Amino acid sequence: MTARYVRKARRSGAAALLVATLAFSAAACGGDADGSGQDKGASAETSQGSGKAKSKSAEATPETDTVLATVKGDSGVEMVITSAMRDSGGFLTVNGQFKNTGSGAYTTPIQWSGRETAVAANGRSLAAMMLVDAQAKKRYYVLRDTDNRPLTTSGYEPSIEAGATLTFFAQFPAPEASTHEVGIQFPGFPNATIEISG
């Protein structure tokens, strides 16, 4: 066997060893033979994506927004107003929650739906909520559609369990642009003043 042949054989062996090492490394980084490594990567992405979705959802929840007013009502229930946003369409939307801080279930009063028979016929709602612009001496009632359905949270359960919350919204005609604060009135709660955004 010549020296030239030996050198050639050694080079071929080294090349084969290098290819085998690279193949092993690729398998270790790429995942298991059954593809479970790839599934783990996909599930990790899904997990990260769901985390982002939860974060966005939490930001949209009134609970995390700035509290404009907290009003204590009957039997341990609180009305927490988290936003009052004026939009370009000429509407003002109030968002918030009713929190039952009592030890027992709180039965929502029928007065929350307002006194109008046509509106009450559509079931439980917050049609009795009202905004007052003391400066302009105007009152604003919850808007209704053509079928007398109020543009507010409706169809909720007849009671709020102890420790539970009822998230709500109510839409009104927007006060004039010069008005930055309004009073909010609702049966069973003292009047409160809230600041308008937008």
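Asn-148 sits in the loop between S6 and strand S7 (159-160). Its phi is positive, about 65°, although Asn-148 is not a glycine. With 31% relative accessibility, Asn-148 counts as partly exposed. The model is predicted, and the values here are computed from it.

A second residue with positive phi lies in the loop between S5 and S6: Lys-137. Its phi is near 55°, again in a residue other than glycine. Lys-137 is exposed, with a relative accessible area of 76%. The table sets the two residues side by side.

| Residue | Loop | Phi | Relative accessible area |
|---|---|---|---|
| Lys-137 | S5 to S6 | about 55° | 76%, exposed |
| Asn-148 | S6 to S7 | about 65° | 31%, partly exposed |

**Overall make-up**

The protein contains 3 helices and 10 strands. Read from the N terminus, the elements run α-α-β-β-β-β-α-β-β-β-β-β-β. Of the 198 residues, 28% are buried. The exposed surface comes to about 12,400 Å², and carbon and sulfur atoms supply 54% of that area. Among contacts with a separation of 6 or more, 60% join residues 24 or more positions apart.

**The sheet with S5 and S6**

Four strands form an open sheet in the order S6-S5-S9-S10, with antiparallel pairing. S6 and S10 stand at the edges; each has a single partner strand, so one side of each is left without a neighbour in the sheet. Neighbouring strands here are turned by 35° against each other on average, direction ignored.

S5 (residues 130-133) and S6 (residues 138-141) pair antiparallel over 4 bridges. Asp-133 has Lys-138 as its bridge partner in S6. Val-132 has Arg-139 as its partner in S6. The two strands form a hairpin with 4 residues between them, and Lys-137 lies in the turn.

On the other side, 3 bridges join S5 to S9 (residues 181-185), again antiparallel. Leu-131 finds its bridge partner in S9 at Ile-184.

Which way do the side chains of S5 point? Met-130 and Val-132 point one way from S5, Leu-131 and Asp-133 the other. In a regular strand the side chains alternate between the two faces of the sheet. All four of these S5 residues are buried.

**The sheet with S3 and S8**

Another open sheet of 4 strands has the order S1-S2-S3-S8, and its pairing is antiparallel too. Its edge strands are S1 (69-72) and S8 (165-173), each pairing on one side only. Neighbouring strands of this sheet are turned by 25° against each other on average, direction ignored.

S3 (residues 91-100) pairs with S8 in the antiparallel sense over 9 bridges. One of the paired residues is Lys-99, whose bridge partner in S8 is Thr-165.

Asn-95 also belongs to S3. Is Asn-95 buried or partly exposed? The cut-off for buried is under 20% relative accessible area. Asn-95 has 22%, so Asn-95 is partly exposed. Leaving aside neighbours within four places in sequence, Asn-95 is in contact with Val-80, Ile-81, Thr-82, Ser-83, Phe-168 and Phe-169. The C-alpha atoms of Asn-95 and Thr-152 are 9.7 Å apart, while the two residues are 57 apart along the chain.

**Core and aromatic rings**

The largest nonpolar core has 29 residues. Those with the most contacts inside the core are Met-79, Val-94, Phe-98, Trp-112, Met-129, Leu-131 and Ile-194. S1, S2 (77-86), S3, S8, S9 and S10 (192-195) each supply at least two core residues.

What does Met-79 touch? Not counting residues up to four places away in sequence, the contacts of Met-79 are Ala-69, Thr-70, Val-71, Gln-97, Phe-98, Met-129, Phe-168, Phe-186 and Phe-189.

The whole structure holds 9 aromatic pairs. Ring pairs link Phe-98, Tyr-106, Trp-112, Tyr-156, Phe-168, Phe-186 and Phe-189 into a cluster. Phe-98 and Trp-112 belong to this cluster, and both are listed with the most contacts inside the core. Phe-168, Phe-186 and Phe-189 are cluster members that Met-79 touches.

Note on methods. Residues are numbered from 1 along each chain as its sequence is written. This is a predicted model: local features need pLDDT of at least 70, side-chain atom pairs count only at pLDDT 80 or more; totals for chains, interfaces and linings use all residues. Side-chain values use heavy atoms; hydrogens and water are left out. Two strands pair if DSSP finds at least two bridges between them. Axes are lines fitted to C-alpha atoms, for helices over the stretch in contact, and angles run from 0 to 180 degrees between N-to-C directions. Buried means under 20% relative accessible area, exposed over 50%, partly exposed in between (1.4 Å probe, protein chains only). Contact means heavy atoms within 4.5 Å. Accessible areas come from the Shrake-Rupley method with a 1.4 Å probe; for residues, only the protein chains shown count as cover. A nonpolar core is a set of buried Ala, Val, Leu, Ile, Met, Phe, Trp, Tyr and Cys residues joined through side-chain atoms within 4.5 Å. Rings of Phe, Tyr and Trp (its six-membered ring) pair if their centres lie within 6.5 Å; planes under 30 degrees apart count as stacked, over 60 as edge-to-face and the rest as tilted.
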